[in-house]
Amino acid sequence: MKTNSTCMEGRMGEESDRHSGHGSDRVGLSGSIDADEHLIRETEKIATALGKMFPGLCEVVLHDLRDSSASIRTIENNLSGRAVGDSATELGLRRINDPDYPSVIQNYANQFPDGRPVKSTSIGIKGSAGRYIAALCLNLDVSVLSPVTLALSNLVATGSEHGEEPLESLRDRNARDLRRVVEEHAAARGAAPRALPKEAKRELVQQLRHEGYFESREAAQTIADLLGVSRATVYNYSK
């Protein structure tokens with residue numbers, strides 16, 4: 001009958017000596033460790049580094065799937081209340097039972113025991129035999145970010161009573177800008193401004209009026225010069 005002496009020894013040691021639990025029975029007579037244990041120890045460094053990068057925001061858990069009953073090998077930024085030596089989650093058990101289970105499950109909705117919403121990512125790690133031996137899990141506490149998200153949403157929100165059409169265009173409507181608009185309008189129709197047909201000129205003048213170019217005192221004369229018509233014709237087109 002299998003005992004839990006190895007796990008108990010790991011719990012009795014300091015957290016800095018946590019390798020002595022799961023990893024002690026992986027050390028050979030020569031003092032060397034097997035390939036799977038080496039891989040898990042290297043992944044443990046990644047878990048620690050990620051935890052230090054997102055303190056208080058993202059829980060990082062490394063599971064040793066070689067022992068599902070005491071799989072948690074490392075836990076940084078403990079937000080779920082679990083501890084080193086706790087058991088594997090459902091995802092861990094699925095990976096243990098199915099080597100073909102997806103290796104990466106990213107950005108899925110989750111929840112801490114106290115109800116806080118979580119955004120999680122789970123990365124399965126296979127050993128030399130092709131079976132899962134570990135899982136690196138990231139649990140982002142989105143409840144911390146929700147007030148920030150709400151504040152930003154309120155900050156960028158605009159009123160809906162005016163619809164989608166802008167009430168104004170924040171640009172200087174000088175003669176050079178007016179000339180550019182007229183020339184672009186004519187070029188889109190394959191002609192010079194003066195060569196535009198009457199209806200195209202009328203359409204352009206009405207567009208310029210709609211966009212506020214007639215607010216300038218000299219706009220009508222400038223448009224007339226560009227289109228090769230009289231100022232009176234411009235005003236007539238604008239109606």
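## A buried threonine in strand S2

Let's start with Thr-74, which sits in strand S2, the stretch covering residues 72-76. In this predicted model, Thr-74 has a relative accessible area of 0% and therefore counts as buried, the cut-off being under 20%. Its side chain still has a polar partner: the side chain of Glu-44 makes a polar contact with that of Thr-74 at 2.6 Å.

Just past the strand, Asn-77 lies in the loop between S2 and helix H4 (90-97). Most residues other than glycine have a negative phi. Asn-77 is not glycine, yet its phi is positive, near 55°.

## The chain as a whole

Stepping back, the protein chain contains 9 helices and 5 strands. Read from the N terminus, the order of elements is α-α-α-β-β-α-β-β-β-α-α-α-α-α.

The chain has 239 residues, and 33% of them count as buried. Among contacts with a separation of 6 or more, 48% are between residues 24 or more positions apart.

## The sheet

How are the strands arranged? The 5 strands make an open, antiparallel sheet, in the order S2-S1-S5-S4-S3. S2 and S3 are at the edges and have a single partner strand each, so one side of each has no neighbour in the sheet. On average, neighbouring strands here are turned by 20° against each other, ignoring direction. Strands of a sheet pair through backbone hydrogen bonds.

Thr-74 thus belongs to one of the edge strands, because its strand is S2. The other edge strand, S3, holds Asn-107, a second non-glycine residue to look at for its positive phi, which is near 55°. With a relative accessible area of 45%, Asn-107 falls between the 20% and 50% limits, so it is partly exposed.

## Two hairpins, S3 to S4 and S4 to S5

Strands S3 (residues 104-111) and S4 (residues 117-126) run antiparallel and are joined by 6 bridges. If you would like to trace the pairing in the viewer, Val-104 stands opposite Ile-123 in S4, and Ile-105 has Ser-122 as its bridge partner in S4. The two strands form a hairpin with 5 residues between them, and in the turn Gly-115 has a positive phi of about 100°.

On to the next pair: S4 and strand S5 (residues 132-141) are also antiparallel, with 9 bridges between them. Ser-122 stands opposite Cys-137 in S5, and Ser-122 is the bridge partner of Ile-105 too. You can therefore follow a line across three strands, from Ile-105 in S3 through Ser-122 in S4 to Cys-137 in S5, since S4 sits between S5 and S3 in an order with S3 at the edge. The hairpin of S4 and S5 has 5 residues between the strands, and Gly-130 takes a positive phi near 85° there.

## Asp-34 ahead of helix H3

Where is Asp-34? This residue is placed in the loop between helix H2 (19-22) and helix H3 (35-53). The side chain of Asp-34 reaches the backbone nitrogen of Glu-37, at 2.7 Å.

Is Asp-34 buried or partly exposed? Its relative accessible area is 29%, which makes it partly exposed. Asp-34 and Ser-128 are 94 residues apart along the chain, and their C-alpha atoms are separated by 9.9 Å.

## Helix H6 and its two partners

Two packed helices are described by the angle between their axes and the distance between the axes. For helix H6 (residues 175-187) and helix H8 (residues 219-227), the axes come within 10 Å and cross at roughly 40°. That angle makes H6 oblique to H8, and the crossing is right-handed. Leu-178, Arg-179 and Val-182 of H6 meet Ala-219, Thr-222, Ile-223, Leu-226 and Leu-227 of H8.

H6 also packs against helix H7 (residues 198-210), at an angle of about 145° and with the axes 11 Å apart. Here too H6 passes in a right-handed crossing. On the H6 side, the residues involved are Leu-178, Val-181, Val-182 and His-185, which meet Ala-200, Glu-203, Leu-204, Gln-207 and Leu-208 in H7. Leu-178 and Val-182 appear in the contacts with H8 and in those with H7.

Technical notes: Residues numbered from 1 in each chain as written. Predicted model: local features only at pLDDT ≥ 70, side-chain atom pairs only at ≥ 80, totals over all residues. Heavy atoms only, no water. Helix = DSSP H or I, 4+ residues; strand = E, 2+ residues; numbered from the N terminus. Buried < 20%, exposed > 50% of the residue type's maximum accessible area, 1.4 Å probe, protein only. Polar contact = N/O pair within 3.5 Å; in protein donor to acceptor, adjacent residues only side chain to side chain. Pairing = 2+ DSSP bridges. Axes fitted to C-alpha atoms, helices over the stretch in contact; angles between N-to-C directions. Parallel < 35°, antiparallel > 145°, perpendicular 65-115°, else oblique. Left-handed = near helix turned anticlockwise from the far one by under 90°. Contact = heavy atoms within 4.5 Å.
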